[in-house]
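This report describes the internal spaces and the disulfides of one protein model. The sequence and structure are shown first.

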Amino acid sequence: MKRAILAGGIASVMGLGILFLGCPPKKATLGEDVAKAVYVPPGQYDEFYAFVSGGFDGQLLVYGLPSGRLLKVIPVFSQYPRNGYGYSEETKAFLMTSHGFIPWGDLHHPELSQTDGVPDGRWVFANENNVPRVARIDLRRFETAEIIEIPNSGGNHSSPFITQNTEYVVAGTRFSVPIDVTTGELKDVSISSYAENFKGTITFIKVNNDPNYKGEDKMSIAFQLLVPGFDYDLAHCGKGPSHGWCFFTSYNTEQAYTLLEANASQNDKDFILAVNWKKAEECVAQGKAKEYPATYYHNYYDEKKHMAISSVKKSVKILTPQDCPGVAYYLPTPKSPHGVDVDPSGEYIVGGGKLSADLPIHSFSKMMKAIENKEFEREIFGIPVLKFEAVNHCLVPKACLGPLHTEFDDKGYAYTSCFVSSEVIKTDLKECKVVDRITVYYNIGHLMIPGGDSRKPWGKYLLAMNKITKDRYLPVGPELHQSAQLIDISGEKMRMLLDFPTLGEPHYANGIHADVVKDKVIGYYDLRENEHPYSIKSEAEARVERKGNVVHVYMASIRSHFTPDNIEGIRVGDTVYFHVTNLDQEFDIPHGFAMMGAENANILIMPGETRTLKWVPKKPGVYPFYCTDFCSPLHQEMQGYVRVSPANANVSLKWGTGKSL
Ligand code: CUA
């Protein structure tokens, strides 16, 4: 019954409500063989890394599969007090945008870098949906390395999907907005002028894949394609024969601007937008894109300086479909499609008609033929609309209710999540036939097979990411954490293995075999290569320097003390920067630093790293500080004091460790 209630809104739209009143969720029966399938004995590693989005948490979560153990939270778009990300002076720049410093973000889709269509374990990209941005996370460090803001966009949802060799990361507007391309700002116009003024953009971010490239702009915006004011929801790029194309779902082709649940559900078909990015490159090279002003931030981590640095970009190239014939086509697709996924062969383009019961599968080769034969039904904004029959491979009949997303195994099967009927279906792509289905609890959004959106899926496990958790775990108040379920897809029939909770909302995930990544991960930062301007290489270099009202503390942390650990001569009105360098050179020995009264988080300093905590003391007194991360048997002794005197006091500046000042 719960599912029936939840699905009510959609059911009334679909007129299919009756179908899912009859099947209350059953308790899964889990046997010993199932427990063995997910059991990773103490001391052993998981077989796969799963990078799961944190949604409104703004972070990227790293889980091990098949165990479902949470291995790490990587802060990306939100401040993270656990390690001081977005609080330390070195990391604040990551969260700078053209709107100012933004402490929170909504991370939806992780996407691993690929070479020749295969996940290569270099980076994970992630999109921010609220203030449009794309991040690159470095998998040598499992830390954010770069964030670029997307101008002329509202709600960067169809992102950060990549091309086969990570040539580009794409970013499409979810919310169309009244873009004034001549200024790069939003127009002040009536909302009811939507059809006239609101536009979308599809952004192509160029990625520099040269392993020797040391410049700051690994990601830069190559061009934006101006598109009609629809909602561009999700994307995936072609591979193999369809390499050179990217596909974007769009809904709200009705161009509604209020009560979208009804007003944007009128049309029988919306579209998948197919963009020929190689054609776009040609047009840009021919000077057909115009350069317009646009203000957006590019934030990059300088690994030598241990510091994020912001720069402000001032222009962007915009291409219109009218100026570049052949750059884009619309593929009619039933009922507000959500996901769009390309199978490993590159031939099948699977849509997700979220208000439909049929699963639409388009054919890339049919699409190319239809373009050649000009089988167009009309044109919108210079973009030809191809005839549905000319591009459609099949509609899998009565597939399920509310198909959303599809991933693939290595045997020609597609696995689709069905939001309304809370199940995963397995479809034979060629035959257009559902061959198996399994119930999930409840209301699945995305699903993920490691490598399942690449040319070489590891077709062993499927991760279902569910929106509602109701009654799966012990109650802990009005809300439960969202949940993921692990399904064995190695056999003919799918088999449910495991439930585990996730932080935030798991929108999407990408997975990769651990062997591709694990040996490249670094264990500490080489102190000799630390070029942070306030770093020190030994305790002998530790010191305190005053420059007017600003005090810089060059501090060392090493098991199990700080140098200096006694400081006097700080005055009310001073701004104090504690630049703490962790002199330890050993894997998994961070130190922490926290200061009583600092309007800040603690900072965690990795071995060989330098991090800075800002403190503005307000009252005279003696203030303790201490190490927050348990680092040794004498961790509890790792502490110190700072004496703060009145603004007009003449206590001289003194510091030291192991002596009286
Ligand atoms: Cu250093 Cu605890």
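## Cavities, pocket and disulfides

The count comes to three cavities of 30 Å³ or more. On a 1 Å grid over the protein atoms alone, a cavity is a set of points where a 1.4 Å probe fits but cannot get out, while a pocket is an open set with protein on both sides within 12 Å along at least five of seven lines; lining residues have an atom within 4 Å of a point. Grid points are joined across faces, edges and corners, and a volume is the space filled by probe spheres set on the points.

The model is predicted: local features need pLDDT of at least 70, side-chain atom pairs count only at pLDDT 80 or more, and totals for chains, interfaces and linings use all residues. Residues are numbered from 1 along each chain as its sequence is written, and side-chain values use heavy atoms, with hydrogens and water left out.

The largest cavity holds about 180 Å³ of space. Among its 15 lining residues, Asn83, Thr91, Glu143, Glu609 and Arg611 lie nearest its centre. The second largest cavity has a volume of about 80 Å³, and its lining includes His236, Cys237 and Asp453.

The largest pocket has a volume of about 1,200 Å³. Of its 32 lining residues, Leu71, Lys72, Val521, Phe587 and Asp588 are the closest to its centre. Strand β3 gives the most to this lining, with four residues; helices (H or I, at least four residues) and strands (E, at least two) are DSSP runs, numbered from the N terminus.

The linings are compared by residue class: Ala, Val, Leu, Ile, Met, Phe, Trp, Tyr, Cys and Pro count as nonpolar, Asp, Glu, Lys and Arg as charged, and the others, Gly among them, as polar.

| Lining | Nonpolar residues | Polar residues | Charged residues |
|---|---|---|---|
| Largest pocket | 19 | four | nine |
| Largest cavity | six | five | four |
| Second largest cavity | two | six | three |

The structure holds four disulfides, a disulfide being a pair of cysteine sulfur atoms within 2.5 Å. One joins cysteine 283 to cysteine 324, with an S to S distance of 2.0 Å. This disulfide is right-handed because the torsion about its S-S bond is about 80 degrees. Cysteine 283 lies in helix α6 and cysteine 324 in the loop between β20 and β21, 41 residues apart. Cysteine 324 is buried at a relative accessible area of 0%, where buried means under 20%, exposed over 50%, and partly exposed in between (1.4 Å probe, protein chains only).
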